[in-house]
Amino acid sequence: MPFEFFSATDPGRLRRNNEDSVAVDFDAALVVLADGMGGYNAGEVASNIATSFIRTELGRWLIEAAAQANDADVRRAMDICVDNANRAIFNAAHSNPQYAGMGTTLVVGVFREGRLLLGHVGDSRCYRWRDGQLTQLTRDHSLLQEQIDAGLITKEEAAFSNNKNLVTRAVGVDETVPLESHQHDLLGGDVVLMCSDGLSDMIDDARISELLRSSATLEAGASALIDAANQAGGKDNIAVILARVTGQASAGRTWWPFRR
Amino acid sequence: MSERAMPSPAERSHLGPYRIERQLGRGAMGAVYLGTDPRTGKAVALKTMALATEFDGTELEDARERFFREAETAGRLRHPDIVRILDAGEHDGTAYVAMEYLTGHDLQGHTQSTQLLSLPAVVRIGARVADALAYAHSQGVVHRDVKPANVMVDLEADVVKVTDFGIACIADASRTRTGVVLGTPSYMSPEQLSGRRLDGRSDLYSLGVMLFQLLTGQLPHQNEAMARLLHAIVNEPAADLRSVRPDLPDALAQVVARLLSKQPEARPADGWQVANDLRAVAALGSSVDPSGGVPVVTEPAALRDLEAQPFATTVSLPQPDRGHNPKL
């Protein structure tokens, strides 16, 4: 079940530097996305450590071991690599006062036959787009999401909250970080989207779905998403990874990238 | 794609009129430096925010305006127990706030059950914080982030300072992106968590949580799952102080319970009332306890220290006190 990948970042309209980072290892079918935090370029440092470290370490392991490894093995390898990346960022933060407190969100995905092994920390997201329907696969690690889960505010009220962008966990700020990971099924024709909140805070799910539907290629889809986010204000850096499951679609389902 | 046009303060010698001595660490928005005011020779803390590397265009103007407006609001607060904001300015794209430089440490260290301050110390610190909050509220400023990490004390110098007043708002100005990792929302009031409008009584709730923790080493609501914790803060009654420490005076338990009321209307109307209630508890303690509310010590050196410091740290008692385990 081969896959196709495309990744892109954009600083957005308002920010001078780009603290989002993306990495793809095509051979290992591994993708990593990170949205860093910290003043000056500390966020850039944190997110780049996360993506390059995990792409290198987990990528290497996957190339060597994936043929014999089962899903539990891969998820364990994912945990270990994220743990190591966390410690690398944490140590860097403590060895240089300019980097103190830096951290990053993280989304990491390993694509296997018929399934996606997905891990995340923070409020960067992963969606699956199937048959014109967009489903959010990750639950934000943010105070806002916890308030919604607790029934204290509604999704609509969340848009006006003062607590926006308060994440409840991040990579690099503590000695350890819990990675939330799950397995999701994949069918031919599925498109998986990973993004930082620079995208999801600017355009809503309906718009994302519409843009995916009307794009001929992954590259066109990524451009369209970034342009839409910028047109809506571009208040933050934007990072996007798109993956498409090529291969057989079952009868009765439409092929992507056919435009409607 | 990123331009590093301006040097970071680390590469500079001055911010405005202030000479930079060294970096102290990092706050939520940027590096914090120790500086000197050459006009007075006094030490200052310089909190910075790299506006021009974060924002651009009209957003930069907005951020700058918000920053200075909040600095001005916070600067209006003049109270002995609130950290003084002395000045705010911008230098080469870096905005800074100059504040009085504090010695001492914050109360976070005294929230563990093995590091608790004495009862009289907690009550006296609580009263001073309540007074400081009452003053700020009367000036129209709500702190919104009252917690042990935001109260600095220097026990030997009898200093209590509430920090980060208004700076929380300045930090808001920079939070258009993922930028703050929330440690725990446990000090937030029910109305804060429910997204309602806040007034000073929200700070009083947070003070109640802080007092509870300083007295017991625990939080009034605890749950490993954050969503359930938030739900509990809003919907479930707080633990009673005496369920954890039966030795504490009833009057104190009642003050804390009132502060932890879900409804702001059920809490004391202002910080002055809270301060009065706490001082009444302190007075009660000294009239009942023959040692005058001050822990009795055996070592003469420690006794001398006690006379010098009104806020005595926890010391060994000659006999096990009811409600306490003997010190190992």
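Which residue of β12(A) does F6(A) stand opposite? In this predicted model, the partner is L242(A), and that pair is a handy way into the fold of chain A.

Let's start with the strand that holds L242(A). Strand β12 of chain A covers residues 238-245, and 8 of its 8 residues are buried, so the strand is largely enclosed by the rest of the structure. Look at the two faces in turn: I238(A), V240(A), L242(A) and R244(A) sit on one side, while A239(A), I241(A), A243(A) and V245(A) sit on the other, and all of them are buried. Yes, that list includes an arginine, R244(A).

Now for the neighbours. Strand β1 of chain A, residues 3-10, pairs with β12(A) in the antiparallel sense, and the pairing runs over 8 bridges. Strand β11 of chain A, residues 191-195, is also an antiparallel partner of β12(A), this time over 5 bridges. If you want a residue to click on there, try V192(A), whose bridge partner in β12(A) is A243(A).

Zoom out a bit and you can trace the whole sheet. It is an open one made of 5 strands of chain A, in the order β1-β12-β11-β7-β8, with antiparallel pairing. The edges are β1 and β8 (133-136) of chain A, each of which pairs on one side only. On average, neighbouring strands here are turned by 20 degrees against each other, ignoring direction.

Next come the helices that pack on this sheet. α7(A) touches β1 and β12 of chain A, and its direction makes about 150 degrees with that of β12(A). Helix α6 of chain A, residues 205-213, lies across β7 (125-130), β8 and β11 of chain A, and runs at about 130 degrees to β8(A).

For a residue-level view of α7(A), pick A222(A), which belongs to this helix (residues 218-231). Leaving aside residues up to four places away in sequence, A222(A) touches F6(A), A8(A), V240(A) and L242(A). So why does A222(A) count as buried? The cut-off is 20 or more other C-beta atoms within 10 Å, and A222(A) counts as buried because it has 24 C-beta neighbours inside that distance. The C-alpha atoms of A222(A) and L193(A) are separated by 9.3 Å, with their positions 29 residues apart along the chain.

The two helices also meet each other. The axes of α6(A) and α7(A) come within 9 Å and cross at roughly 145 degrees, and the crossing is right-handed. On the α6(A) side, the contact is made by R207(A), I208(A), L211(A) and L212(A); α7(A) brings G221(A), A224(A), L225(A) and A228(A). By type, the residues of this contact come to 6 nonpolar, 1 polar and 1 charged.

How far does the predictor trust chain A? Its average pLDDT is 91, and 94% of the residues score at least 70. One stretch to handle separately is residues 249-260 of chain A, where pLDDT stays under 50; the model has 14 contacts for it beyond four places in sequence.

Finally, a glance at chain B. Its secondary structure comes to 11 helices and 10 strands, and buried residues make up 43% of its 328 residues. Among the contacts in chain B between residues at least 6 apart in sequence, 62% join residues at least 24 apart.

Technical notes: Residues are numbered from 1 along each chain as its sequence is written. Chains are lettered from A and ligands numbered from 1 in the order in which they are written. This is a predicted model: local features need pLDDT of at least 70, side-chain atom pairs count only at pLDDT 80 or more; totals for chains, interfaces and linings use all residues. A residue is buried if 20 or more other C-beta atoms lie within 10 Å of its own, exposed if 12 or fewer, and partly exposed in between; C-beta atoms are placed from the backbone. Helices (H or I, at least four residues) and strands (E, at least two) are DSSP runs, numbered from the N terminus. Two strands pair if DSSP finds at least two bridges between them. Two residues are in contact if their C-beta atoms, placed from the backbone, lie within 7 Å. Axes are lines fitted to C-alpha atoms, for helices over the stretch in contact, and angles run from 0 to 180 degrees between N-to-C directions. A crossing is left-handed if the near helix is turned anticlockwise from the far one by less than a right angle, and right-handed if clockwise. Ala, Val, Leu, Ile, Met, Phe, Trp, Tyr, Cys and Pro count as nonpolar, Asp, Glu, Lys and Arg as charged, and the others, Gly among them, as polar. pLDDT is the predictor's confidence in each residue, from 0 to 100.
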